[in-house]
Amino acid sequence: MADEYGRKWDRCLADTALKTVTGLGVGIVFSVLLFKRRTWPVSLGSGLGLGMGYANCQHDFRSPYLIHGRMVKDQ
């Protein structure tokens, strides 16, 4: 049981970090290309990424019976 929570936390932190960095990168690109180097696209992109990661974590921890596994093919 504790091992499953550890895996969920690892997945949660990795997913949140990936989404936040991706949102930050997209915000930087939009800031440079379209909005004349304003800072709000960077803040918006990283905030959206952080929010999506938080929502995914919340969903993952609220479904205690969902087990993430691998597909095994029959031979």
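These are my notebook entries on a predicted model of one chain.

**Entry 1: the chain as a whole**

I began with the secondary structure and found 2 helices and 0 strands. The chain has 75 residues, and 19% of them count as buried. I then looked up the exposed surface, which is about 6,400 Å², with 66% of it supplied by carbon and sulfur atoms. For the contacts with a separation of 6 or more, I noted that 59% join residues 24 or more positions apart.

**Entry 2: the helix pair**

How do α1 and α2 pack? I read the extents of the helices before turning to their geometry. Helix α1 covers residues 2–33, and helix α2 covers residues 40–62. Their axes are 7 Å apart, at an angle of about 160 degrees. Angles over 145 degrees count as roughly antiparallel, and I therefore entered α1 and α2 as roughly antiparallel to each other. I logged their crossing as right-handed. The residues of this contact divide into 13 nonpolar, 10 polar and 5 charged.

**Entry 3: two threonines of α1**

I picked Thr16 and Thr20, which both lie in helix α1. Is Thr16 buried or exposed? Its relative accessible area is 15%, and the cut-off for buried is under 20%, so I put Thr16 down as buried. Leaving out residues up to four places away in sequence, I found Thr16 touching Leu50, Gly53, Tyr54 and Cys57.

Which residues does Thr20 touch, with those up to four places away in sequence not counted? I found Ser46, Gly49 and Leu50. Leu50 is thus on the list for Thr16 and on the list for Thr20. I also checked the backbone here: the C-alpha atoms of Thr20 and Gly47 are separated by 7.2 Å, and these residues are 27 apart along the chain.

**Entry 4: the loop**

Next I went through the loop between α1 and α2, where I looked up Lys36 and Arg37. Lys36 is not a glycine, but I read a positive phi for Lys36, near 55 degrees. Arg37 is not a glycine either, and its phi is positive at about 60 degrees.

Are Lys36 and Arg37 buried or exposed? The cut-off for exposed is over 50% relative accessible area. Lys36 is at 74% relative accessibility, so I entered Lys36 as exposed. Arg37 has a relative accessible area of 64%, so Arg37 went down as exposed too.

Terms used. Residues numbered from 1 in each chain as written. Predicted model: local features only at pLDDT ≥ 70, side-chain atom pairs only at ≥ 80, totals over all residues. Heavy atoms only, no water. Helix = DSSP H or I, 4+ residues; strand = E, 2+ residues; numbered from the N terminus. Buried < 20%, exposed > 50% of the residue type's maximum accessible area, 1.4 Å probe, protein only. Contact = heavy atoms within 4.5 Å. Areas by Shrake-Rupley, 256 points an atom, 1.4 Å probe, with all protein chains shown as cover. Axes fitted to C-alpha atoms, helices over the stretch in contact; angles between N-to-C directions. Parallel < 35°, antiparallel > 145°, perpendicular 65-115°, else oblique. Left-handed = near helix turned anticlockwise from the far one by under 90°. Nonpolar A, V, L, I, M, F, W, Y, C, P; charged D, E, K, R; others polar.
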